[in-house]
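Work through the following exercises with the structure open beside you, and try each task before you read its solution.

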There are 2 protein chains.
Amino acid sequence: MKKIFLTIACMAAGFSAMAQQNLFISQDIESAVVDENNCVTFRFIAPKAVKVQIAGDFVSKPADEQHVAGMVGAGYVDMVEKDGVWTYTSDPLPFVFFCFIFLFFGVSSLDSIISFVYRDFATTSIVFLVGNGKADLYKVTDVPHGQLTSMWYHSDGIGKDRRLNVYTPAEYNANPKKKYPVLYLLHGSGGDENEWVIFGRACQIADNLIASGKADPMIIVMTNGHAEMQAAPGESSLGYYKPFHFSDPQNKFVTYFPTEIVPFIDKNFRTIAKKDSRAIAGLSMGGGHSFNISKNNPTMFGYVGLFSAAASIPGARNTWSPSGVPQREVSPEEIAKFDSEMKTFFASKPKLYYIGCGNEDFLFGNVTNMRKYLDDKGYNYFYRETSGGHVWINWRIYLSEFLPMLFK
Amino acid sequence: MKKIFLTIACMAAGFSAMAQQNLFISQDIESAVVDENNCVTFRFIAPKAVKVQIAGDFVSKPADEQHVAGMVGAGYVDMVEKDGVWTYTSDPLPFVFFCFIFLFFGVSSLDSIISFVYRDFATTSIVFLVGNGKADLYKVTDVPHGQLTSMWYHSDGIGKDRRLNVYTPAEYNANPKKKYPVLYLLHGSGGDENEWVIFGRACQIADNLIASGKADPMIIVMTNGHAEMQAAPGESSLGYYKPFHFSDPQNKFVTYFPTEIVPFIDKNFRTIAKKDSRAIAGLSMGGGHSFNISKNNPTMFGYVGLFSAAASIPGARNTWSPSGVPQREVSPEEIAKFDSEMKTFFASKPKLYYIGCGNEDFLFGNVTNMRKYLDDKGYNYFYRETSGGHVWINWRIYLSEFLPMLFK
């Protein structure tokens, strides 16, 4: 600790004459360091604290609901203090990308000496990546990199200019005549057009799978699925607004997606504008969007991916409603309409209907309902069940498995 | 406070059955709220704290060098607690974009219930934007938006694939035959290819100035000026690495910029590849880069912008070295070479040589030296002196003034 303070004091003295200078001190500590055994040591400087804990999705212990951590369900552990620096070293962690926050005097906190954070809803957490195995796909490696373009389209239906991100594969610029298949990749209710880019590592996964020949070069379009939103915080006319729980009672995103977003992409990129060269996938709310958009437009998508999808079979008991809340009444007409739409969709012979879910996911029961429905009707699908809950660990696995199955 | 805890407790109870679910709670509080008078109220939930302060670039009081805030020179003020929520309301603030952190039990901290942060070196701060006046240029407004492309080029000289960001104006895609002038916009030593995009609001400033007809449509290229870096944290093969104080003793970035980056842009975008349609500008270290790259390549750039530039006149006393550190000895030959290069550069008749600096900037003495040199030699330049120090408040002002002066 003395060493750290000394370093800072020296630097501060060197800059002492500078009023209002944009020079930040880099403290000689890192919040999360992964060692060669994939054990992670977390550090937090808090000489005056009597207790510091760390909450994160790498801790298997279920959360105590009393704390104000922002991260529901993540486990937490105590850190140990020495000379003012609190540390915790994990057991060897599996291969993935994790996030965490510090719990400190009852406050869910980030230290400011961090280099990378990400936001979901209005909670920001620190992220780190443990390599090896599957997580190598999530890393920037020495392969040709695609490019990512952030751009805007106008939605007449929603009545806004709206932002989206488009990944084009590394070879795209070098092949000015070649056309490419397109995956539309949709986010969950806590996210926005940046979620798959940052939390999902979609560009890195695509770069690595394409470079190894496992996935075909493709365009990936990451839209903003909240009709009430224009763009992510900082990129919106609302400024650095605090995200809220959005609603879309008129289902405008699902309604206008096929007539506004798909034609916009087909106009501005060299796409193969055909069903069997078009895929749609999403997680949670975005899985629900993918389910409905593909069902409502049976000739549009040859490939569908439902990752922990918030999608329901009418009349089946939803599992995400708190117990005691009555299910919505569904009329026989509504069920017949749904059956008819599903029949039409599967009659169009989708090349792939991918369903992935963790067996501790709060939507697992819903997914089970959907599988039972598809089984009863004799509709083909691919099913991947993983352990764990409604978490990014699973959605990155599903995307990594889904991309190589596309456009074959 | 009770209300907040109740809200959280209810939500937590609703989700209580979900182990490891990716559902973050949005607390019913915002870290920084700007009212109609441009007063900002900051809030931080810390029921167990005995003291919470806020440090930020909006506080005029000079910093106490003893604290460990990471933000050197920013002032700080005490917050006041009521029912566990600490608040501070500022006086009306001027028009700009600010950043802050909480000081809490000696720890420089971010609360995790924030929607936007930005990093400089390895310090992350929370940002917010006070509108009106000049800051309206920094907002996303209802005008056509350009697009931003993140892509990679290969540097043989540096020996790395390296990332850069390219802004193309809103009209670019609709005019497939039209060619555009290019501004190369370089960051400071704490930044990377994302700094002008996020902290600098360069895309918003360009969108707004172009839409109003004040600036010509142009391409803006934001490179990574650290030869040791491949890309920003999270976008690099180093993963979520902690940035350090980079060095470039062989001056590789300056050396390879004209032969690698400029041709890469001219190849991949519809540029007007001529001196009078090419500008280079940067802040601090990037100002030094702009100074040297333009001087060393006198036929390449018709417009140069030096914003608080870390650039020196050989033999003049540098003001950023701590007092007592001897200046480097400069030989008469080195001075003669510099004089010759400057003479050649100004003989090529740059259309604009823009110098901006704050009168409290620690580089103000250096800039004064440079102006004296240019005055003595009779070289024309434009000079903008602002109040304040080495801060983003100034660099956004300079960019907002510089763009309308380009390519006329």
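The exercises below concern a predicted model, and each one is followed by a solution in steps.

**Exercise 1. Determine the order of the strands in the open sheet of chain B, and explain which strands stand at its edges.**

Step 1. The open sheet of chain B consists of 4 strands, which follow one another in the order E2-E3-E8-E7, and their pairing is antiparallel.

Step 2. Strand E2 (32-34) and strand E7 (80-82) of chain B each have a single partner strand, so one side of each is left without a neighbour in the sheet, and these are the strands at the edges.

Step 3. On average, neighbouring strands of this sheet are turned by 25° against each other, when direction is ignored.

Step 4. For a closer look at one pair, take E2(B) and strand E3 (residues 40-45) of chain B, which run antiparallel and are joined by 3 bridges; B:Val33, for example, has B:Thr41 in E3(B) as its bridge partner.

Step 5. As background, strands of a sheet pair through backbone hydrogen bonds, and they do so either in the parallel or in the antiparallel sense.

**Exercise 2. Describe how strand E3 of chain A is covered, and find the strands with which E3(A) pairs.**

Step 1. Of the 6 residues of strand E3 (residues 40-45) of chain A, 5 are buried, so this strand is largely enclosed by the rest of the structure.

Step 2. Strand E2 (residues 32-34) of chain A pairs with E3(A) in the antiparallel sense over 3 bridges, and in one of these pairings A:Ala32 has A:Phe42 as its bridge partner.

Step 3. E2(A) and E3(A) form a hairpin with 5 residues between them, and A:Asn38, which lies in the turn, has a positive phi of about 65°.

Step 4. E3(A) also pairs in the antiparallel sense with strand E8 (residues 85-89) of chain A, over 5 bridges, where A:Phe44 has A:Trp86 as its bridge partner.

**Exercise 3. Check the length of helix H6 of chain A, and work out how its buried residues are placed around the axis.**

Step 1. Helix H6 (residues 332-347) of chain A has 16 residues, which at 1.5 Å a residue should span 22 Å, and the end C-alpha atoms are 22 Å apart, so the two values agree.

Step 2. The buried residues of H6(A) are A:Phe338, A:Met342, A:Phe345 and A:Phe346. They cover an arc of only 90° around the axis, and therefore they lie on the same side of H6(A).

Step 3. The face turned away from this buried side carries the exposed residues A:Pro332, A:Glu333, A:Lys337, A:Lys343 and A:Ala347.

Step 4. The buried residues of H6(A) pack against several elements of chain A, namely helix H5 (285-296), strand E18 (303-307), strand E19 (352-358) and helix H7 (364-377).

Step 5. H5(A) and H6(A) pack at an angle of about 75°, with their axes 8 Å apart. Since angles from 65 to 115 degrees count as roughly perpendicular, that is how H5(A) stands to H6(A). On the side of H5(A), the contact is made by A:Phe291, A:Ser294, A:Lys295 and A:Asn296, and on the side of H6(A) by A:Phe338, A:Glu341, A:Met342 and A:Phe345.

**Exercise 4. Examine both faces of strand E18 of chain A, and identify its parallel partner.**

Step 1. In E18(A), 5 of its 5 residues are buried, and the strand is mostly covered.

Step 2. A:Tyr303, A:Gly305 and A:Phe307 are on one side, A:Val304 and A:Leu306 are on the other, and all of them are buried, which shows that both faces are covered.

Step 3. Strand E17 (residues 278-283) of chain A runs parallel to E18(A) and is joined to it by 5 bridges; within this pairing, A:Leu283 has A:Phe307 as its bridge partner.

**Exercise 5. Compare the loop residues B:Asn251 and B:Ser308, both of which have a positive phi.**

Step 1. B:Asn251, although not a glycine, has a positive phi of about 60°, and this residue is found in the loop between strand E16 (219-222) and helix H4 (252-268) of chain B.

Step 2. B:Ser308 is likewise not a glycine and has a positive phi of about 45°, and its loop lies between strand E18 (303-307) and helix H6 (332-347) of chain B.

Step 3. B:Asn251 has a relative accessibility of 36% and therefore counts as partly exposed, whereas B:Ser308, at 0%, counts as buried.

Terms used. Residues numbered from 1 in each chain as written. Chains lettered and ligands numbered in written order. Predicted model: local features only at pLDDT ≥ 70, side-chain atom pairs only at ≥ 80, totals over all residues. Heavy atoms only, no water. Pairing = 2+ DSSP bridges. Helix = DSSP H or I, 4+ residues; strand = E, 2+ residues; numbered from the N terminus. Axes fitted to C-alpha atoms, helices over the stretch in contact; angles between N-to-C directions. Expected span 1.5 Å × (residues − 1). Buried < 20%, exposed > 50% of the residue type's maximum accessible area, 1.4 Å probe, protein only. Arc of directions from axis to C-beta. Contact = heavy atoms within 4.5 Å. Parallel < 35°, antiparallel > 145°, perpendicular 65-115°, else oblique.
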